[in-house]
Protein chains: 2
Amino acid sequence: MFRLSKLTDYAVVVLGRLAREGAVPGGQVQTAPGLALATGIAEPTVAKVLKILGQAGLVEGVRGARGGYRLTRPLAALPLSEVIFAFDGPIALTACVDGVAGLCEAEGVCQVRGRWDPVNDAIRNALSGITVADIAAPHPVRQPVAAAPVLAQLVAE
Amino acid sequence: MFRLSKLTDYAVVVLGRLAREGAVPGGQVQTAPGLALATGIAEPTVAKVLKILGQAGLVEGVRGARGGYRLTRPLAALPLSEVIFAFDGPIALTACVDGVAGLCEAEGVCQVRGRWDPVNDAIRNALSGITVADIAAPHPVRQPVAAAPVLAQLVAE
DNA sequence: TCAAATAGGACCTTTCAGGTCCCCTTTGAA
DNA sequence: TTCAAAGGGGACCTGAAAGGTCCTATTTGA
């Protein structure tokens with residue numbers, strides 16, 4: 001199965017938490033230890049996630065005492081693809097995409113080189129319309145995420 | 001980046017080769033050693049790929065002397081997603097999809113559980129229209145797989 | 001001056017994909 | 001009848017990458 005790194009998963013959780021706590025652009029900041037507590041993710045891991053998000057410009061870190069993190073954008077304006085890019089790199093299914101040499105056993109005789117492009121594009125396209133807000137919807141009531149009608153259909157299929 | 005297993009990649013090459021060699025439903029069979037030679041992929045690896053494809057019913061193995069493999073379907077009738085499923089399992093970005101327990105650090109407090117569904121479905125959807133024939137074009141010179149309207153758009157984008 | 005908090009690496013451990021090898025079964029042909 | 005070619009099914013080993021943890025430096029409010 002495709003694997004998204006766990007850090008990407010944690011990132012969505014943390015971003016959702018930041019939004020819910022009001023750590024939005026111009027708002028309060030939230031500390032890494034606090035977010036660790038709130039999300040149940042180990043503190044060093046949360047710190048690592050936030051560091052990466054900071055380097056990608058998706059959150060803003062405030063140093064010093066009373067420091068913390070806040071979002072740089074509303075989640076609805078943050079495409080999921082940017083988060084994935086920050087943690088997993090460019091969205092592509094194979095290394096064989098743009099003719100990078102030396103990675104493929106069938107280098108010399110491969111008839112498929114470059115042919116995955118349409119697949120990669122289809123996936124990028126599919127992801128382009130999804131924002132973090134769509135995934136990390138802050139619903140106060142947690143419980144079986146009783147799938148919305150749309151989701152139910154998808155699951156059924 | 002997303003990673004598709006290399007075996008999946010090899011599988012597409014091998015399937016394309018089978019088609020090109022006439023190892024189609026009702027036709028000749030091709031041996032694993034022969035395919036290894038033709039594709040440049042190591043023989044044990046080709047054998048492994050074919051075994052998996054056979055278990056998935058995507059190729060038919062003929063045992064005994066003069067045995068070999070042939071396709072069970074024309075490549076144009078073989079969705080890429082079936083190949084991916086055979087090698088990489090269900091198409092899903094995270095393990096957290098259907099509430100499998102014990103995999104997630106934030107098990108108890110995760111607010112995102114199940115929320116990846118729309119993402120997964122978007123990807124399944126994107127892949128649903130692509131067949132192996134679209135990827136493993138049988139001949140260097142070949143009439144554009146008229147499937148192209150959609151693909152062309154994606155590529156163009 | 002101190003304590004709280006981010007910033008940035010370095011490091012270790014574990015997991016798993018990738019690849020190879022071995023042995024069995026089947027079957028056509030000499 | 002025998003043999004060799006070929007698929008079938010696992011078992012095994014290895015190397016790389018993900019996942020986590022920890023340490024140290026830097027910043028800054030109280």
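Where in chain A do A:Asp121 and A:Arg124 lie, and how many residues apart are they? In this predicted model, both belong to helix 5 (residues 117-128) of chain A, where a spacing of 3 residues puts them about one turn of the helix apart. The two side chains form a salt bridge, and their closest N and O atoms are 3.4 Å apart. A:Asp121 has a relative accessible area of 12%, so this residue is buried. A:Arg124, with a value of 35%, is partly exposed.

This pair belongs to a wider set, since side chains of opposite charge can pair when their charged atoms come close. The count over all chains comes to 7 salt bridges. One of them joins A:Glu82 to A:Arg73, with 2.8 Å from N to O. Here A:Glu82 is partly exposed at 30% relative accessible area, and A:Arg73 is partly exposed at 27%. In chain B, B:Arg73 and B:Glu82 also meet in a salt bridge, again with an N to O distance of 2.8 Å. The relative accessible area is 26% for B:Arg73, which therefore counts as partly exposed, and 29% for B:Glu82, which is partly exposed as well.

The next topic is the interior. In soluble globular proteins, nonpolar side chains tend to be buried together. The largest nonpolar core in this model holds 83 residues, and the members with the most contacts inside it are A:Leu15, A:Leu50, A:Leu53 and B:Leu15. A look at B:Leu15 shows what such a position involves. Apart from residues up to four places away in sequence, B:Leu15 touches B:Leu53, B:Val59, B:Leu71, B:Leu75, B:Leu78, B:Val83 and B:Val132.

B:Thr131 sits in the loop that links helix 5 (117-128) to helix 6 (132-135) of chain B. Is this loop residue buried or exposed? With a relative accessible area of 15%, B:Thr131 falls under the 20% limit and is therefore buried. Its contacts beyond four places in sequence are B:Leu75, B:Ala76, B:Leu78, B:Pro79 and B:Leu80. The C-alpha atom of B:Thr131 lies 6.7 Å from that of B:Ala77, although 54 residues separate the two along the chain.

Attention now turns to the DNA. DNA strand C is surrounded by 24 residues, and the closest are A:Lys51, A:Tyr69, B:Lys6, B:Lys48 and B:Arg63. What share of the strand C atoms within 4 Å of the protein belongs to sugar or phosphate? The figure is 69%, and the rest belong to bases. A:Tyr69 places a polar side-chain atom 2.6 Å from a phosphate oxygen of strand C. The bases are reached too: a side-chain N or O atom of A:Lys51 is 2.8 Å from a base nitrogen, and one of B:Arg63 is 2.8 Å from a base oxygen. By class, the surface near DNA strand C has 8 nonpolar, 9 polar and 7 charged residues.

DNA strand D also has 24 residues around it, and A:Lys6, A:Lys48, A:Arg63, B:Lys51 and B:Tyr69 are the closest. Of the strand D atoms that come within 4 Å of the protein, 67% are in sugar and phosphate. A polar side-chain atom of B:Tyr69 is 2.6 Å from a phosphate oxygen of strand D. On the bases of strand D, A:Arg63 has a side-chain N or O atom 2.9 Å from an oxygen, while B:Lys51 has a polar side-chain atom 2.9 Å from a nitrogen. The surface near DNA strand D has 8 nonpolar, 10 polar and 6 charged residues.

Notes
Residues are numbered from 1 along each chain as its sequence is written. Chains are lettered from A and ligands numbered from 1 in the order in which they are written. This is a predicted model: local features need pLDDT of at least 70, side-chain atom pairs count only at pLDDT 80 or more; totals for chains, interfaces and linings use all residues. Side-chain values use heavy atoms; hydrogens and water are left out. A nonpolar core is a set of buried Ala, Val, Leu, Ile, Met, Phe, Trp, Tyr and Cys residues joined through side-chain atoms within 4.5 Å. Buried means under 20% relative accessible area, exposed over 50%, partly exposed in between (1.4 Å probe, protein chains only). Contact means heavy atoms within 4.5 Å. Helices (H or I, at least four residues) and strands (E, at least two) are DSSP runs, numbered from the N terminus. A residue is near a molecule or strand if one of its heavy atoms lies within 4 Å of it. A polar contact is a pair of N or O atoms within 3.5 Å; within protein, one must be able to donate a hydrogen and the other to accept it, and residues adjacent in sequence count only if both atoms are side-chain atoms. Ala, Val, Leu, Ile, Met, Phe, Trp, Tyr, Cys and Pro count as nonpolar, Asp, Glu, Lys and Arg as charged, and the others, Gly among them, as polar. A salt bridge is a side-chain nitrogen of Lys or Arg within 4 Å of a carboxyl oxygen of Asp or Glu.
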